[in-house]
Amino acid sequence: MKVIVQRVKEASVDIAGTTEGSIGAGLVVLVGIEARDTLDDIKWLAKKVWNMRLWSNSDGKPWMESAKGLKYELLVISQFTLHARFKGNKPDFHHALAPEKAEVLYNQFVAELNNFRPEGSQLVATGKFGAEMAVKLTNDGPVTISVDSQTVRFPRKIPQPAAALGGASAAATQEVEVPWVVPTGEETEDNVTPLEADADGMIGPPEGALPPGTPMTSMMFAVPENVKAGDAADVPLPSGMSVKVRVPEGKAPGDVLQLQVPQALMDPEFRAKQAAARQLQQQGVA
């Protein structure tokens, strides 16, 4: 996962002549997601962005203060072109993650940034994934930093699918035994039980659906167009699986909701690991 971080005095992003997001002093973060990225990369980079010491302190000593410490603002823009490779003069983008999966990880990155933001600061401002955008900024310094999580060594703890969905074997992750999650593209009204919001507005698996201690994480998603309160919306996950979510009353298309899912379902390699685990089990290894 690659980010270009720019220290700014102010910045904004417009879509079709309308301002989608704007900030004062803080950071503009351009985000490019590649096929190898997982939840580990998202969490590591979200903390790193907030804690980069890119400002001077009150004594004028440089590189001492972070956006988190100063309670500055962030503007996050999706940018798959960060993963361009050149064959001759034409850019090639096959290292970038496919848009439908990248959007989910991008939304998760924004959610993690919001989780780590300093108390009392505003929510992270964003553009719109996949849209044509005009970004305006006043670079302060100028200071521009590039960070690629795939070039940095840090602890990676991606749960194995079976363990994360509550079983010691691959059989525990069979789609037919988990009625609220199915492979993306195979959703029907009959084979998926919509997830409902609890009294606190949190959406997640029904009580008792997972064993105690199952590693969970949260992600943000926007209510799709043409979906109204009370309807069930399909929400694709980076793993190639999908869930249905019952849109709570009072919510409309474009509203952002928070969803709790097992960490393993944020892993793009989930289905491959699932298939490998089943094969080992059939061979009597697992």
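Start by selecting Gln6 and Asn139: their side chains make a polar contact at 3.4 Å. Keep in mind as you click around that this is a predicted model.

**Stop 1: around Gln6**

Stay on Gln6 and colour strand 1, residues 2–15, which is where Gln6 sits. Is Gln6 buried or exposed? Its relative accessible area is 14%, so Gln6 counts as buried, the cut-off being under 20%. To see what surrounds Gln6, show the residues in contact with it beyond four places in sequence: Gly26, Leu27, Val28, Leu30, Leu137, Asn139, Val143 and Thr144.

**Stop 2: across to strand 3**

Now select residues 26–32, which make up strand 3. Strand 1 and strand 3 run antiparallel and are joined by seven bridges. For one spot along this pairing, pick Val5, which stands opposite Val29 of strand 3.

Why is strand 3 largely enclosed by the rest of the structure? Seven of its seven residues are buried, so the strand is largely shut in.

Next, add strand 6, residues 73–78, to the selection; strand 3 pairs with strand 6 too, this time in the parallel sense, over six bridges. Click Leu27 and then look for Leu74, its bridge partner in strand 6.

**Stop 3: the nonpolar cores**

Leu27 comes up again here. The largest nonpolar core has 51 residues, and the ones touching the most other members are Leu27, Val29, Val76, Phe109, Leu113 and Leu259. Which element gives the most to this core? Select residues 99–116: that is helix 3, with eight residues in the core.

Zoom in on Val76 for a closer look. Leaving out residues up to four places away in sequence, Val76 touches Val29, Val31, Tyr106, Phe109, Val110, Leu113, Val124, Ala125, Thr126 and Gly127.

There is also a second, separate core, made of eleven residues, and you can find it by selecting some of its members, including Ile4, Ala11, Val28 and Leu30.

**Stop 4: salt bridges**

How many salt bridges does a search of the whole structure find? The total is six, and two of them make good stops here.

Go to Asp140 and Arg7 first: their closest N and O atoms are 3.5 Å apart. Asp140 belongs to strand 10 (residues 134–148) and Arg7 to strand 1, so this pair ties together parts 133 residues apart in sequence. Both Asp140 and Arg7 are buried.

Then select Lys43 and Glu112, whose side chains meet in a salt bridge at 3.3 Å, N to O. Lys43 is in helix 1 (residues 39–51) and Glu112 in helix 3, so parts 69 residues apart in sequence are tied together. Lys43 is partly exposed, with a relative accessible area of 28%, whereas Glu112 is buried at 2%.

**Stop 5: an open sheet**

Finish with three strands that form an open sheet in the order 11-14-13, with antiparallel pairing. Strand 11 (182–183) and strand 13 (232–236) stand at the edges with a single partner strand each, so one side of each has no neighbour in the sheet. Strand 13 pairs with strand 14 (residues 241–246) over five bridges; click Ala233 and you will find its bridge partner, Val245, in strand 14.

One more salt bridge is here: Arg246 with Glu196, the closest N and O atoms being 3.4 Å apart. Arg246 lies in strand 14 and Glu196 in the loop between strand 11 and strand 12 (216–222), so the pair ties together parts 50 residues apart in sequence. Arg246 is partly exposed at 29% relative accessible area, and Glu196 is partly exposed at 44%.

Key. Residues are numbered from 1 along each chain as its sequence is written. This is a predicted model: local features need pLDDT of at least 70, side-chain atom pairs count only at pLDDT 80 or more; totals for chains, interfaces and linings use all residues. Side-chain values use heavy atoms; hydrogens and water are left out. Helices (H or I, at least four residues) and strands (E, at least two) are DSSP runs, numbered from the N terminus. Buried means under 20% relative accessible area, exposed over 50%, partly exposed in between (1.4 Å probe, protein chains only). A polar contact is a pair of N or O atoms within 3.5 Å; within protein, one must be able to donate a hydrogen and the other to accept it, and residues adjacent in sequence count only if both atoms are side-chain atoms. Contact means heavy atoms within 4.5 Å. A nonpolar core is a set of buried Ala, Val, Leu, Ile, Met, Phe, Trp, Tyr and Cys residues joined through side-chain atoms within 4.5 Å. Two strands pair if DSSP finds at least two bridges between them. A salt bridge is a side-chain nitrogen of Lys or Arg within 4 Å of a carboxyl oxygen of Asp or Glu.
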